[in-house]
Every structure is written in C-alpha cells, then in structure tokens.
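Visitor: I have a model open and would like to go through how its parts are arranged. Can we take it in questions and answers?

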Amino acid sequence: MQKSVRYNEGHALYLAFLARKEGTKRGFLSKKTAEASRWHEKWFALYQNVLFYFEGEQSCRPAGMYLLEGCSCERTPAPPRAGAGPGGVRDALDKQYYFTVLFGHEGQKPLELRCEEEQDGKEWMEAIHQASYADILIEREVLMQKYIHLVQIVETEKIAANQLRHQLEDQDTEIERLKSEIIALNKTKERMRPYQSNQEDEDPDIKKIKKVQSFMRGWLCRRKWKTIVQDYICSPHAESMRKRNQIVFTMVEAESEYVHQLYILVNGFLRPLRMAASSKKPPISHDDVSSIFLNSETIMFLHEIFHQGLKARIANWPTLILADLFDILLPMLNIYQEFVRNHQYSLQVLANCKQNRDFDKLLKQYEANPACEGRMLETFLTYPMFQIPRYIITLHELLAHTPHEHVERKSLEFAKSKLEELSRVMHDEVSDTENIRKNLAIERMIVEGCDILLDTSQTFIRQGSLIQVPSVERGKLSKVRLGSLSLKKEGERQCFLFTKHFLICTRSSGGKLHLLKTGGVLSLIDCTLIEEPDASDDDSKGSGQVFGHLDFKIVVEPPDAAAFTVVLLAPSRQEKAAWMSDISQCVDNIRCNGLMTIVFEENSKVTVPHMIKSDARLHKDDTDICFSKTLNSCKVPQIRYASVERLLERLTDLRFLSIDFLNTFLHTYRIFTTAAVVLGKLSDIYKRPFTSIPVRSLELFFATSQNNRGEHLMDGKSPRLCRKFSSPPPLAVSRTSSPVRARKLSLTSPLNSKIGALDLTTSSSPTTTTQSPAASPPPHTGVEKLSPCRSPSTPRHLRYRQPGGQTADNAHCSVSPASAFAIATAAAGHGSPPGFNNTERTCDKEFIIRRTATNRVLNVLRHWVSKHAQDFELNNELKMNVLNLLEEVLRDPDLLPQERKATANILRALSQDDQDDIHLKLEDIIQMTDCMKAECFESLSAMELAEQITLLDHVIFRSIPYEEFLGQGWMKLDKNERTPYIMKTSQHFNDMSNLVASQIMNYADVSSRANAIEKWVAVADICRCLHNYNGVLEITSALNRSAIYRLKKTWAKVSKQTKALMDKLQKTVSSEGRFKNLRETLKNCNPPAVPYLGMYLTDLAFIEEGTPNFTEEGLVNFSKMRMISHIIREIRQFQQTSYRIDHQPKVTQYLLDKDLIIDEDTLYELSLKIEPRLPA
C-alpha cells in the first residue's frame, strides 16, 4: 500500500505566520468549492510562491495552501446564474471579478476565485503571476535551447578536427615514405657510379702513386692533429677548462657532502624528535620542533634534486653545462631567507629545551650516532647559513675560467648576481632582525613604551648608568662630592644610546624603567655635545675640580620647543670618554648628508675593537714616536711626541682612526707641516698604497687577527672559519656583534671562545709564516693579468668536515648565529681550505689594503671638508688640488658604489657656494647702517641695546678663523696681517667700551650721568642673561675706567641695587684665578654664548710660551698640539651656535658710530672738567 506524503507541519505553520505578517498580497477572496454552485469567502495571504487561505482574518491556522510555481492565472467570465433572484442581487454578482489559477501538472483541479472589485482582482492576478516564476522558466527554456545548439556545434567541430588530423597524419606518413624511397634511390645511384667508370684504362704505377700519396696525406694529417692537440693541451684555454672542470667536480663533491649533512639533520634529529613529540610523555612539543628545524626538510629535498641534476651533468662529461640547473634552483632558494631569519630564534628555543633533562638526554643520544661524527645539533643547524655564499664563490671561480664567448657565460653571471642580491637581502634581514629584537627587548623594559624603538633603522649603540644633575641647580651642586648619597639616589639614570636617539630613564623599585617626562627621549639631530676638555699631564692639577671632570652636557634645541640642557655624570673617566666618543660620532654621522651617512654608517657604532686596544705593538714607544699614559676617548694611549712622518702615518693608518687625533691634527697641522704635504700624503695613500704605507703597519694590519686565534682555536675541534673579501672594510671597525650591511665587513667577528678571531691570512695552520704583501707581489701568469681591484682572488669551497672526522666542539654552540652569517655573507666571502697558495693570499691582502686605503682617504677628506671648511675658503690652491684628487677618484673604473657615492658627496660639499652667506656679516651690517639716521641713546631701550650688542659681538667672534689662534700671531709685529679677525675683535671690544664711557661723559648734569650708568648696567645684565660675557666685560671695563670710576658724585646718585648688580657682574667676568668664575659660568651655560676672547688668548699664550713645539730630537710635541686643539674646539663650539636675534639697523647704527667715541685723553680731561679734583 502506498504511503501518504508527509510534510513538516511546523514549518508550514511558520510560513503561514510569515504570510499573515509579511505577505505580498493579503485580503478576502471567494473560493469556489467542489460543488460548482457554491462559493465560500476565505482570507487569502500570498508569501513568495505559496498561497495560504484562512477561515477568517483572525484565524491562526491555515485552512489550506497552494504551491503556485509553474501555474498560470487568467480571468474568466462570470458563470451563468441558474436561479433568477432579485435584480439587485443579480447585478451585484455580475459586477464581481472572476479569475482562475491553472496548475501545470495533471491531477490538480484549477482554483476558481472571485473578488468584489476589478482593481483588486487585477492586483491578485499580477501577484500570482509573479509567484509562479513563469518569466524565469521561459528564460530557462531559451537558455537551454541555446546550450543544446552550442553543444551540437562543438561536437561538429570536434568531428571535423579529428578528420583533418587523420588526413594530416596520412599525408605525413606518405611524405616519409617518399623520402625513404628517394634516399634509397640516391644510395643505389652512388654505388653504381664507381663501376660505371672505366677502371681498366688506369695505369698500375698511377695506382701505386695514388696509394703512396694517400698514405702520406694520412700521416701528415695525423702528425698535424697530434701537434694541434699537444698545443691545445698546453694552451691557457685548456688549462682554464681543466680548472673549470675541477671546480665543477669539487662543487659536486661539496654538494654531495652538504646533502649528506642535511640528511643527518632531518633523519637523525628532525624526524626522531617529531616522533618523540607524539609520545605520551613528550620531552618536546611539536611547536618547538617546528621552531628549531623550520623548513630544513624542504631544503634537503631541494638540494637532493639539485644534486641529482649535477650528477647527470657529470655523466655527460666533458660537456658541462650548469647554467640551466642554476636557473631552476634560483627561484627556490628564497626558502633560505626564512631559515636564516629564524636561525637565531631556533637556537634560543633549542637552548630552552635543553633545560629539560629528558630532552637533553634524548638529544645526546641522537648526537652519539656515528653518522654525526661527534658534531652537535647546533653545528648541523649552522651549515645552511654558509650555502648561499658557497654558491657565490663557486660561480665566481667558474666565471674566472669561463671564456667571454662561452654559451653559458651570461647565464652564470645572471645567476651570480641573483645569488649576491639574495645574500645581501638575507644579510640585512639578519642584522635588522637582531637589532629589532634588541630594541624590542628594551622597549618592553620601559613601562610607558617607546615608539621610536619600533623604527627598524634605530641601531643600538650602548647602555649604562649615569647621574643626571638638574641644570637649574648646577651652581648649588658644584661643590657636592660625587659620592653624595642623595645625588646618586635621586639622579641615577639608565641611559640608552641609539643611532638617532638618546633615552634617559629612571628605574623603579620593581626594576621597571620609566622615561623622564621632560628630556626622556632626545633626538640626536637636535643635540650638541659639550664635553669638558681633557686635562693634560702638566695642568691637570690646576684645572677645576667640578665633579672630578666626570660631567658632560647635551644641549637640546628642539625645533618646536624651548632649548634645554641635560647634564650627566659618568662613573669614571673611561666611561665618560666612551660615552662622549659614541655620542659625538653619532651626532656627527646623523648631521652628515644622507649618502655619506649610508656609506660610513659604521662610524657611529663603536670606537676601537678590543684587539687594537690590547695589542701593545700599536702603542709601543719608538725612536720617532712616544706615547703618554693618558687615554683618549677611544681608550687607547695618546701620542706625546712623534715625528711628522709618524703623525702622517697615523693619520692614514688603515687599522683605526681616533676622532680625538683627527681633530687635533686638523686643528694644528700648520704648526709642523703644510696643507699641501697632508694632501700629498693622502694622494699617495690612494694612488700607491703598497709603497706609501710602511711595512710595519701592513704587518700589524694583518697580524692583529692572528693574536687571539691561537689562544682560542682548538685543533680538530671546529671548522676553519677564515674568510676572503671581495669588498672594502668599513672606515671604522665595529665591536658590536650585529652583522653589518651587505658589501661591508668587519676585520674581526666576535665568535665563540672556542673559535677565536677570524684569520685574514688564510694560512693552513697557525704556525704558517705569512709574507708581507708589499714584499711579495703576485706573480704574473700567461693567461691574464689580474689586478686585486679588478679581479680579486677567490677562495675555494668551505669544507665543513675536517680531516680526522672531528668538526665540532663539545660546547653547546660553536658559532653565534650573527657571527656565522656575518662570516658567511660578508660580500660573499668566507673560509678557504688549507691548500691556498701564496699568490691568491697576496692578491686578497692587496685588495683589502686598496679598499681600506681608499676609505681612509675619503674619511679624512670628509672630516676635513665638513669640519674645517675654512681651510679651503682661504686657500684656493688647496681647494683645487682636493677637487682634482676627488675627480681622479671618481674616474677610477674600479671604484665601488659606496666609495663613488662618498666621493661625489665630498666633491659636492666642496664645490658648492659659501654656506656662510646665510649668516649675518659685519660688512653687511655696516652697509645697512650707512643710509640710516642715527638714533640717540635716550630713545633706545636697554633690551634693544643688549640684543644688538650681543648680535654684533657674536658676528665678529664667529668670523675668526681658527688658524689665527696658532703661533701667537696677535702678539707679533705684523699682527694685523697675520690675525686680522682677532685684531678686529679686539678693536670692536675697545670701541664698544669707549662708546659706553663716551655716552656717560656726554651728560653735563649728575642725574643724567647716573641714569646712563644704571641703564648701561641693565644692558650688561641683559647681556649676561643672553650669555654674552664679552658684552658684560665691555660695559664693566668701561665703567671701571679711571675717567668714569672717579666720578664720586655721579656714583653717589646710582642706586644700591645697580651697584650690587654691577659687583655681581664684575665678579663673574673677573680675571682672578685665570677667569675661574667666567670658565665655570661658560661651562654651565647653554649655547649660544659669546665668551671673552682674551681668556682663550691668554691660555694659548701660556701654552705657547711654556712648551716648545718640537723636542730636542726634532719630534713634534703632540701633547701641546692636543692642548691647543682643545681650546680651539671650545672656541669653535661657541662660534657654531648662532643667536636668533633680529637685526635692528637703527640700533647698530648707533653702536657702530665712530663719531660718538671720545679718545682716552679727552675723556679724562672731560671727567676733570665735570668733577674737578678736590684740593688736598
């Protein structure tokens, strides 16, 4: 029996509810029942394609429903009435609107409906028509017809294409058959030709002659071919091809070994640890396994494929085409980026996992596997770090032995360039990643956070504890000892130095760091470092003992806020020197223009590596040089006496360059040499580095890295990590552990104590004797002449497995990840095998010397041009010579890109117009005041006078070139010619002092003179507030003149406050104790400031007269040069910071008016006339 159809009544009721609430059309209709004559009024509701009808409008449960999909609706005429009722009723029935819903399937009776109004009926019909989806069904039928038609067309085309294909195949078969028939006919024809000739007519002797001739021709051909083969075997091309083949064979062996190492890494460590992580008591989690090994398995699969391709190429020897293999390999080598980026983190995770005893025990069990040969997991994780550089070395060697017309020359060059680019990207990512991790660690320590540390260009330099002294309380704290508990407790700060910013934090009791609300983040581009001059051996006892000379100041001038000063105290002189050296070099670098900063960015990182500071040979006394016990800011002994040749040698020393020595030399070289000699030395170092640099410097340059190697390297325990260079070392050697950018490298890499320093000499053992590169130049070969600049020698493959099977130490990590990758990717250079010959070794050394010498010359010229521009403004011949040298450097075709950028930048800085035009000059002020009407003293305010006096004093003080401070030229007979600007400053001081005295004496009555004195004292006090101590001394010296000082009646009218203020000013600028108070005030003030020039001239005269320039042996007294340089640096520090004072011509016209000045004798006579002497 067939079961009835079931439906979900609950769902139907829900749809009925929706139809009642949201139906498309709702209302009363009359529905015809099964009996044709009866109509029942129902309440209908249409929802989507379902029509519900209810007994009444308030009914909740539907009486029935119809599915309207596929139906049609049409109007029907009113049915005829059987019975004749009243006329009104019949008319009402005739006016009703009838329509019928026809369903599209059989067995369904039509639904007859009627409504009272025609409009309502039309709306119901339209709604039912839309609910039936008739339009969509029609469109579907049309689309289906089109589809069937297109299918028929496609089938027809396929049949036609198959027919044409069969016809073409038949025609090809017919063509091949005809070709084979033609070939067979031709062969038959050729075989028939000899028999068609008349052989019987040929003479037997002629046959013998032909046979002999044929034999001789064969013998000559074989002999010629043998000669050709022997000549080719001995030719340079054959030798190059043999070397090329040998490189390929070595590469296959190295690749096989590398695949074996990856196989051990994956099958001996990765997969067993995965299984261990899935055990019931896992010693390690799956996440840690993934973090340690990352994509090691993918790398193994990639190199297995590459190794199979290499072996297939070897099978086709001697045709060795490798470029297509590298073309396939290159796109997949990007997986190394992720591995290298994760390497540091993987070693950290491994170290953390080793804290688990179960894991450590399991790992030692895996490492005991004989296949590991005593190597640890860290060693295997380090191997992929060297693979990309090894490919670069291999391609470099292949290209060196591949002719330019070779079929794969361009492909190999392209592969090498892509690998070098990938190596640089990986190198930068490692450096950036380590730097970011360090910055983020510091940022997490700071409670408030620090957004600047999220900048990836911020490089960490150093950190430490310093004591901050509030600048407002500096005068009160000057006599407090450094050991004061309150000062240490309240002022202790944790400081962090980065390449662009300086952070000052306080440490809470919980150990958290808090940035200072004011001055916590200092932008170095807005900072000026004021360092106290280092005291020499002779005058250290007489110098001021403010905080034991451990303080230094950072003047901050933000563009959008008021300037302020941060005073810091270091715990020791060495710490102070280190902080000042790093801060000064960071500020110096950040203020250089962009290209120079990029090229020489290593200067900002450190001063001198440990190997240089600890090498006594660099600071050993000799007949022509003597060192003192005082350390400079680079923490190395200072030069006391030296010959001119040794000073020039130290200036161009390839090992390091102290910023203190460079400043001292460039400030004072005129005393013992000339600019032409210095420039000539720099030119010789650039053009002829091997003959201009002493042999002892070259030996020390390459021997420095040998000193520590024997102390740490254990034979047979660790891989050889020597590296070769194909790019220049940086100007300053870094002591940080972070790798430098691509194409820059350090002379040392901080390895683990089990490895030691890198060996630049590529010797096969620590006892191998290395010849000086100057003494043993590379021999010439018959193949090609190689210059170290053009084609530096390239090492062979880095072999990881040492003879004897021992390649790893028992320590946890043989090489730090940063050092390993720095070694591996420093310009594609790393270790070489023990079999390196002296020619390749010497070429590599010569290349290092050339690049280092070029960078040293550019660094000295950069400092000379940027910090001592006056040398070139006053000496046009020197400027032209430097321009010629820089242009010659630019013409060098072998110049590296960063050297070319640096040279162009120096050339641009030297060639541009005078930058002093942006500053106001005294000549401009005089020219502007010539056409102005002079103002009287009474109409000018004290503020206007003080500001314009300060402006004039600073303009004149700033114009003094520093070479005028040498040789006491201001005390010579020709002082006006030798030191014109110093004499102009002195003359201006006297004129201003005479103007003050003259203005006071111009008044006849006592009250006016007293008012004038009070006004000038107010001007002097404002000058003090403006840090114009030269102006203070101008006014106080005028008031202390005998012509003014003797006016007792006038001084009696001056107020007590003015007299007390004047006493304070006089005490500040007093000459007692070698201007002790003024020196202290200058030390505590913030630039801009105008010091009293006579104080510095007195110091210079004291140094010049008390110490000779040369010793009895003819050596330069460099300690004296250093003292002079410190004074000049302090003067130039005040010269460099300008006032932000607007020039007022009406005031300067009054101040510069010589007509108002009365000479000294006339002043005294006028004083006697105003207040005659009292009778005795």
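What follows is a set of questions and answers on a predicted model.

Visitor: In what order do the seven strands of the open sheet lie?
Guide: The pairing in this sheet is antiparallel. Its edge strands are β4 (64-67) and β5 (72-75), each of which pairs on one side only. From one strand to the next the twist averages 35°. The order is β4-β3-β2-β1-β7-β6-β5.

Visitor: Which residue in β4 stands opposite Val50?
Guide: Strand β3 covers residues 50-54 and runs antiparallel to β4. Four bridges join the two strands. Opposite Val50 stands Leu67.

Visitor: What angle does the direction of helix α3 make with that of β6?
Guide: Helix α1 (residues 9-22) packs on the sheet, where it touches β1, β2, β3 and β4, and its direction makes about 90° with that of β2. Helix α3 (residues 118-131) also packs on the sheet, touching β1, β2, β3, β5, β6 and β7. The direction of α3 makes with that of β6 an angle of about 10°.

Visitor: Is Lys25 buried or exposed?
Guide: Lys25 has its place in strand β1. Residues that Lys25 touches include Phe44, Leu46, Asp120, Glu123 and Trp124. The relative accessible area of Lys25 is 15%, and buried means under 20%, so Lys25 counts as buried.

Visitor: What distance separates the C-alpha atoms of Lys25 and Trp124?
Guide: Along the chain these two residues are 99 residues apart. Lys25 nevertheless touches Trp124. Their C-alpha atoms are separated by 7.1 Å.

Visitor: How far apart are the axes of helices α8 and α10?
Guide: Two packed helices are described by an angle and a distance, both taken between their axes. For α8 (residues 296-315) and α10 (residues 335-353) the angle is about 145°, and α8 passes α10 in a left-handed crossing. The axes are 10 Å apart.

Visitor: How many charged residues are in the contact of α8 with α10?
Guide: From α8, Ser296, Thr298, Ile299, Leu302 and His303 take part, and they meet Ile335, Tyr336 and Phe339 in α10. Five of the contact residues are nonpolar and three are polar. The number of charged residues is therefore zero, with Asp, Glu, Lys and Arg counting as charged.

Visitor: How many disulfides does the structure hold?
Guide: A disulfide is a covalent bond between the sulfur atoms of two cysteines. Cys60 is exposed at a relative accessible area of 68%, whereas Cys372 is buried at 2%. The count of disulfides in the structure is zero.

Terms used: Residues are numbered from 1 along each chain as its sequence is written. This is a predicted model: local features need pLDDT of at least 70, side-chain atom pairs count only at pLDDT 80 or more; totals for chains, interfaces and linings use all residues. Side-chain values use heavy atoms; hydrogens and water are left out. Axes are lines fitted to C-alpha atoms, for helices over the stretch in contact, and angles run from 0 to 180 degrees between N-to-C directions. A crossing is left-handed if the near helix is turned anticlockwise from the far one by less than a right angle, and right-handed if clockwise. Contact means heavy atoms within 4.5 Å. Two strands pair if DSSP finds at least two bridges between them. A disulfide is a pair of cysteine sulfur atoms within 2.5 Å. Buried means under 20% relative accessible area, exposed over 50%, partly exposed in between (1.4 Å probe, protein chains only). Lists of a residue's contacts leave out its neighbours within four places in sequence.
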